[in-house]
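Reader: I would like to go through this model with you, starting from its ligand shells and ending at its core. Could we take the points one at a time?

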Amino acid sequence: RSSSEDQVDPFSLVADELSVVANRLRAMVVAEVPKLASAAEYFFKMGVEGKRFRPTVILLMATTLNVQISKPASEGVVDMFSTELRLRQQSIAETTEMIHVASLLHDDVLDDVDTRRGIGSLNYVMGNKLAVLAGDFLLSRACITLASLKNTEVVSLIATAVEHLVTGETMQMSTLAEQRTSMDYYLQKTYYKTASLISNSCKSIALLTGQTAEVAMLAYEYGKNLGLAFQLIDDVLDFTGTSSSLGKGALSDIHHGIITAPILYAMEEFPELRTVVDRGLEDPANVNLVSHGPIKFIKSNRLSPLSKGSLIQALEYLGKSHGIQRTRELAAKHASLASAAIDSLPENDDEDVQRSRRALIELTHRVINRTK
Ligand code: FPP
Ligand code: FPP
Ligand code: MG
Ligand code: MG
């Protein structure tokens, strides 16, 4: 049996390189002031590095897009060229992971949570102020790494992804029922919050590799659809998973007033559900209003959650609807679009290239079949 039929585990394929990236990340986040240093390095320590999906996808994409160098004039020159390119591609993995962790530090302040990756969140351990500053610090270190690549198009793509994180997070705070119960609004927000960073990183890899605009677009499409599939399944698991399997509270979205795809689909099937949800969201008893003279301000950034009664009713409608099933179907559609993007890449019979392409396709299956 040929090696091209071997099963590939995407994560073990890049395991060694991931630890090189992890070591470099630890070196990059060292700060001058001890307090900032210990805050910045917090989530880069061994054992709390998270799932590292982004660097995994980025490194696999880097191999996938390697161009075959025709008949080397001198082996040495080619080696130097490919080593230098690989370092530049790794810099994208590092930049992306620093931006991701920066956004998690800020997110935990906004969400006011006390745990992340199985340990105390930074805001909980060192306070909101230091958590915000550490996030800013990581963002600036990410900029330095990015600038070292001297590629303004790549800088622009990654900066746009950061803008999208902020936009998505702000969209999620919307208090307008009309927006919070719109499928289009939800999908746009999901792209900004979850898919933009990975898709623009994948595109950046293509540009650094010197690929054509067509190939760069396929890399982007892969990242975008993988990210969307990932988030749709996340939103299903929030309803179907148990807290112990997820490592976080089940039903946490709806408890926080965040309406996701399963409920949005159920609302299409049972228009009465829209009334329940709208009423729940707009119930003045649920909105934290504080009076300042003639104008009323919403006091906290917490959205109004559904009241207990509305929540139970909403879950009943969801149960008799096809909301969960339709969300899974949409996720599967995006997963197969991601897979199709890889299949559309120009042919390349290099063994490493083929193996990494199979790994990227394997990831699309894992995303939709995961249970935690
Ligand atoms: C999870 O990391 C990842 C995302 C929210 C979006 C990106 C998803 C992918 C690149 C595809 C995922 C691939 C598989 C095999 C499921 P996180 O936000 O949960 O944070 P972490 O860094 O703490 O793990
Ligand atoms: C996790 O979402 C949060 C994000 C994917 C992005 C958060 C973005 C910001 C706070 C904007 C600031 C960005 C930067 C780069 C400093 P979640 O709360 O739904 O998921 P969780 O369960 O992982 O907390
Ligand atoms: Mg959060
Ligand atoms: Mg959040």
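**Ligand shells, core and one serine**

Reader: Which helices each supply at least two residues of the shell around ligand 1?

Author: The model is predicted, and in it 16 residues surround ligand 1, the closest being Gly-50, Lys-51, Phe-53, Phe-230 and Arg-366. These shell residues divide into 7 nonpolar, 4 polar and 5 charged. The elements that each supply at least two of them are α4 (53–64), α10 (183–208), α11 and α18 (351–369).

Reader: Which element gives the most to the shell around ligand 2?

Author: Around ligand 2 there are 16 residues, of which Ser-103, His-106, Asp-107, Leu-165 and Glu-169 come nearest. Two or more residues are given by each of α5 (75–111), α7 (128–147), α8 (152–172) and α10. The element that gives the most, with 7 residues, is α5.

Reader: From which helix does the largest share of the largest nonpolar core come?

Author: The largest nonpolar core has 87 residues, and those with the most contacts inside it are Met-61, Cys-202, Ile-205, Ala-219 and Ala-229. Cys-202 touches, among others farther than four places away in sequence, Val-57, Met-61 and Ala-219. The largest share of this core, 13 residues, comes from helix α11 (residues 213–240).

Reader: Is Ser-38 buried, exposed or partly exposed?

Author: Ser-38 is found in helix α3 (residues 34–41). A residue counts as buried at 20 or more other C-beta atoms within 10 Å and as exposed at 12 or fewer. Because Ser-38 has 15 such atoms within 10 Å, Ser-38 is partly exposed.

Notes. Residues are numbered from 1 along each chain as its sequence is written. Chains are lettered from A and ligands numbered from 1 in the order in which they are written. This is a predicted model: local features need pLDDT of at least 70, side-chain atom pairs count only at pLDDT 80 or more; totals for chains, interfaces and linings use all residues. A nonpolar core is a set of buried Ala, Val, Leu, Ile, Met, Phe, Trp, Tyr and Cys residues joined through C-beta atoms within 7 Å. Helices (H or I, at least four residues) and strands (E, at least two) are DSSP runs, numbered from the N terminus. Two residues are in contact if their C-beta atoms, placed from the backbone, lie within 7 Å. A residue is near a molecule or strand if its C-beta atom, placed from the backbone, lies within 6 Å of it. Ala, Val, Leu, Ile, Met, Phe, Trp, Tyr, Cys and Pro count as nonpolar, Asp, Glu, Lys and Arg as charged, and the others, Gly among them, as polar.
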